[in-house]
Amino acid sequence: MTNTETSTADMTRADWLAARRTGIGGSDAAAVLGISPWATPVTVWLDKTGRAAPREETEAMRIGTELEAFVARRYSQETGRTVQRYNRMVRDGCLLGNFDRLVVPDGAKVASHMGEIRTDTVLECKTSSREWEDGVPLHYQVQVQHYMGLAPCLAHADVACLFLGRKHFETFRVERDEAVIRTMRERLTAWWAEYVEGDRMPPPTNEADCRLLWARSNPGKSVAATAEVAARLEAYRTFRDEARRAKEEADAAMGDVCAFLGDAEVLTDAATGRPLATWKSAKDARTVDWEALARALGATEAQVAEYTTTRPGSRRFLAKPADAAAKKK
């Protein structure tokens with residue numbers, strides 16, 4: 001396995017994002033394998049082929065970046081181990097990765113020197129609003145196995161997480177798994193060759209993917225359903241109707257609980273006093289009808305029209321009733 005390293009110390013964010021588009025990174029791996037809660041093979045493909053719309057850094061992304069250093073410090077405080085930044089992008093073919101930190105081995109002064117990794121442990125820093133009841137989520141396990149696959153000397157990954165909900169810190173260890181790494185490498189490399197290098201669209205996995213691929217409909221165009229598509233449409237109708245019935249029952253049950261609460265905010269367990277549910281008033285929100293204000297201040301129709309923008313309508317999927325065709329006849 002031949003690896004290369006590219007320094008990221010002096011890269012701008014734009015340069016770093018451009019470099020990431022040239023291969024499959026740690027967070028991309030879970031998406032390509034279909035287990036990411038945030039991305040899909042289609043969103044990765046759109047990004048890597050330059051078809052994705054530019055995405056601005058969100059406040060949540062900024063907070064995550066800022067908290068990375070805090071999580072690394074907390075890891076050192078909890079474990080007594082020193083960590084070191086590794087300002088390099090590691091690459092092996094189309095597979096690449098940026099490590100959050102490397103853990104300095106006991107008795108050593110550094111975890112890397114002149115780009116050479118001299119440790120067996122990589123540190124991945126995370127924040128989460130929810131507890132990990134079953135340990136490290138699968139998509140994060142894939143991410144750190146991907147990183148360990150890029151550096152043969154890495155035998156462990158410590159995943160340090162600051163849980164924001166209950167405000168506590170915990171570290172989890174993930175051991176290197178050669179079988180998993182080998183399978184991942186094969187699948188990711190094959191995916192890159194077929195879809196990115198071959199410039200071929202991967203199959204969409206949900207409606208959101210379809211909206212990205214076909215944002216606008218072709219007026220008047222129709223297609224005849226195959227037997228498979230007709231069966232999937234019938235499955236959609238069945239699940240939709242079941243979901244509606246479940247929502248109706250859930251709404252009715254919630255209504256009963258709210259009626260019992262009345263103007264009370266908290267429902268408690270009669271025996272223990274433990275809170276079971278809350279029904280609190282949200283803060284009042286104020287909105288401004290800017291068009292009405294402009295007219296009240298004497299704006300003309302032409303002036304209102306000048307500052308009015310049109311937002312493209314999104315595509316809406318509507319399944320006709322199963323017997324619609326029969327009734328039409």
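Ala, Val, Leu, Ile, Met, Phe, Trp, Tyr, Cys and Pro are counted here as nonpolar, Asp, Glu, Lys and Arg as charged, and the others, Gly among them, as polar. The model is a predicted one, so to speak with limits attached: local features need pLDDT of at least 70, side-chain atom pairs count only at pLDDT 80 or more, and totals for chains, interfaces and linings use all residues. Residues are numbered from 1 along each chain as its sequence is written, and side-chain values use heavy atoms, with hydrogens and water left out.

Taken as a whole, the chain has 11 helices and 12 strands, both read as DSSP runs numbered from the N terminus (helices H or I, at least four residues; strands E, at least two). Its radius of gyration, taken over C-alpha atoms, is 26 Å, whereas a compact globule of 329 residues would come out near 20 Å by the rule of 2.2 Å times the number of residues to the power 0.38. Along the principal axes, the C-alpha atoms fill a box of roughly 75 × 60 × 55 Å. Some 30% of the 329 residues count as buried, with buried meaning under 20% relative accessible area, exposed over 50%, and partly exposed in between (1.4 Å probe, protein chains only). The accessible surface comes to about 22400 Å², and carbon and sulfur atoms own 53% of that; areas come from the Shrake-Rupley method with a 1.4 Å probe, and for residues only the protein chains shown count as cover. Of the contacts (heavy atoms within 4.5 Å) between residues at least 6 apart in sequence, 63% join residues at least 24 apart.

Next, the inside. There is 1 cavity of 30 Å³ or more, a cavity being a set of points on a 1 Å grid over the protein atoms alone where a 1.4 Å probe fits but cannot get out, with lining residues having an atom within 4 Å of a point. Its volume is about 50 Å³, that is, the space filled by probe spheres set on the points, which are joined across faces, edges and corners. The lining is made up of Leu95, Gln145, His146, Gly149, Ile181, Met184, Arg185 and Leu188, or 4 nonpolar, 3 polar and 1 charged. Helices α5 (138–150) and α6 (178–197) each supply at least two of these residues, and α6 gives the most, with 4.

Helix α6 also turns up in the packing around α3 (residues 41–48), where 6 of the 8 residues are buried. Those six are Pro41, Val42, Val44, Trp45, Leu46 and Lys48, and their cover includes α1 (13–20), α2 (26–32), α6 and α7. Just after α3, Gly50 takes a positive phi of about 75°.

The loop between α6 and α7 (207–213) holds Arg200. Leaving aside neighbours within four places in sequence, Arg200 is in contact with Trp45, Glu194 and Tyr195. Arg200 and Thr49 sit 151 residues apart in sequence, yet 9.9 Å apart in space, C-alpha to C-alpha. Arg200 is partly exposed, at 43% relative accessible area. Asp199 belongs to the loop between α6 and α7 too, and has a positive phi of about 50° although it is not a glycine; with 45% relative accessibility, Asp199 is partly exposed.

Met114, also not a glycine, has a positive phi of about 55°. It is found in the loop between β6 (112–113) and β7 (116–117), and is exposed, with a relative accessible area of 73%.

Conventions:
1 Å grid on protein atoms, 1.4 Å probe; cavity = no way out; pocket = protein on both sides within 12 Å on 5 of 7 lines; lining within 4 Å.
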